[in-house]
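Hi everyone, thanks for making time this morning. I'd like to walk you through one structure, so please have a look at it before I start talking.

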Amino acid sequence: MTDPPLDAPVASPERGRLFGEFLRFGVVGVAGFVVDAGVLMAGIALGTGPWLGRVISYIAAASATFALNRAWTFRNAAQRDGLGRQWVLFLLVNLLGFLCNYGTYAALVTGLPLVATYPVIGVAAGSLAGLAANFLMSRRFVFGARPDPRPSRA
């Protein structure tokens, strides 16, 4: 039996925290998917159609995931901005994730008859497409610590 090499990377507390945040973000994303799909199906049943229904369902899901991420995923982050301002910032920085999400959804609904019949499949694929972009931008720009503008006394 051999020992690991001395230069092998060691798990750092920062990596552990990042991994934990990503896992919680994923769990919140599943909850967001449930909200997204439920609102979409309700909207379609009420006559919004798959396109407007999807915009409405995305906003509902984004609002739910914002609240859950703020309260759970990034609960240790400094909450320097007001709730309304932070929610708007969350929506803005997740625009790239939305474009990946909605673009995937639109391509699949338009291109695959199965997804056109069952648009929830497109919602799932879109959610996965936007996951990484949403996590990184939310962590950095919405819930991340901002540098202290005061000069260091070191």
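**A serine to start from**

Let me begin with one residue: Ser138 has a relative accessible area of 0%, so Ser138 counts as buried. Before I go on, please keep in mind that this is a predicted model. Ser138 sits in helix 6. And which residues does Ser138 touch, once its neighbours within four places in sequence are left aside? They are Phe25, Phe74, Phe90, Asn94, Phe143 and Gly144. There is also a pair here that is far apart along the chain: Ser138 and Phe66 are separated by 72 residues in sequence, while their C-alpha atoms are 9.2 Å apart.

Now let's zoom out to the whole chain. How many helices and strands does it have? There are 6 helices and 0 strands, which read along the sequence as α-α-α-α-α-α. The chain has 154 residues, and 31% of them count as buried. If you take the contacts with a separation of 6 or more, 72% of them join residues 24 or more positions apart.

Next, the cores. As general background, nonpolar side chains in soluble globular proteins tend to be buried together. In this model the largest nonpolar core has 11 residues, and here is the list: Phe25, Phe66, Phe74, Ala77, Phe90, Val93, Ala133, Phe135, Met137, Val142 and Phe143. Which elements give two or more residues to this core? Those are helix 3, residues 83-93, and helix 6, residues 119-142. Helix 6 supplies the largest share, with 4 residues. A second core is separate from that one; it has 10 residues, including Tyr58, Ala62, Tyr105 and Val115.

Phe25 deserves a moment of its own, as a member of the largest core. Not counting residues up to four places away in sequence, Phe25 is in touch with Asn69, Thr73, Phe74, Leu131, Asn134, Phe135 and Ser138. And there is our serine again.

On to the helix packing. For anyone new to this, two packed helices are described by the angle between their axes and the distance between the axes.

Take helix 1, residues 13-45, and helix 2, residues 49-73: their axes are 7 Å apart, and the packing angle is about 150°. That makes the two helices, helix 1 and helix 2, roughly antiparallel. Their crossing is right-handed. By class, the residues in the contact of helix 1 with helix 2 are 16 nonpolar, 8 polar and 4 charged.

While we are on helix 1, look at Ala42, which is found there. Is Ala42 buried, partly exposed or exposed? Its relative accessible area is 39%, so Ala42 is partly exposed. From Ala42 to Gly53 is 11 residues in sequence and 8.3 Å in space, C-alpha to C-alpha.

Helix 1 also packs against helix 6, at an angle of about 145° and with 9 Å between the axes. This crossing of helix 1 and helix 6 is right-handed too. Among the contact residues, helix 1 brings Phe22, Phe25 and Phe33, and helix 6 brings Leu131, Phe135 and Ser138, to name a few. The class count for the contact of helix 1 with helix 6 is 14 nonpolar, 3 polar and 5 charged.

Last pair: helix 4, residues 95-111, with helix 6. Their axes come within 7 Å and cross at roughly 160°. Angles over 145 degrees count as roughly antiparallel, and therefore helix 4 and helix 6 are roughly antiparallel to each other. The crossing of helix 4 and helix 6 is right-handed. Residues in this contact include Leu96, Gly97, Thr104 and Tyr105 from helix 4, and Gly122, Gly126, Gly130 and Ala133 from helix 6. How many charged residues are there in the contact of helix 4 with helix 6? There are no charged ones; the residues divide into 11 nonpolar and 8 polar.

To close, let's return to where we began: Ser138, buried and part of helix 6, the helix that gives the largest share of the largest core. Thanks for listening, and I'm happy to take questions.

How values were computed
Residues are numbered from 1 along each chain as its sequence is written. This is a predicted model: local features need pLDDT of at least 70, side-chain atom pairs count only at pLDDT 80 or more; totals for chains, interfaces and linings use all residues. Side-chain values use heavy atoms; hydrogens and water are left out. A nonpolar core is a set of buried Ala, Val, Leu, Ile, Met, Phe, Trp, Tyr and Cys residues joined through side-chain atoms within 4.5 Å. Buried means under 20% relative accessible area, exposed over 50%, partly exposed in between (1.4 Å probe, protein chains only). Contact means heavy atoms within 4.5 Å. Axes are lines fitted to C-alpha atoms, for helices over the stretch in contact, and angles run from 0 to 180 degrees between N-to-C directions. Angles under 35 degrees count as roughly parallel, over 145 as roughly antiparallel, 65 to 115 as roughly perpendicular and the rest as oblique. A crossing is left-handed if the near helix is turned anticlockwise from the far one by less than a right angle, and right-handed if clockwise. Ala, Val, Leu, Ile, Met, Phe, Trp, Tyr, Cys and Pro count as nonpolar, Asp, Glu, Lys and Arg as charged, and the others, Gly among them, as polar.
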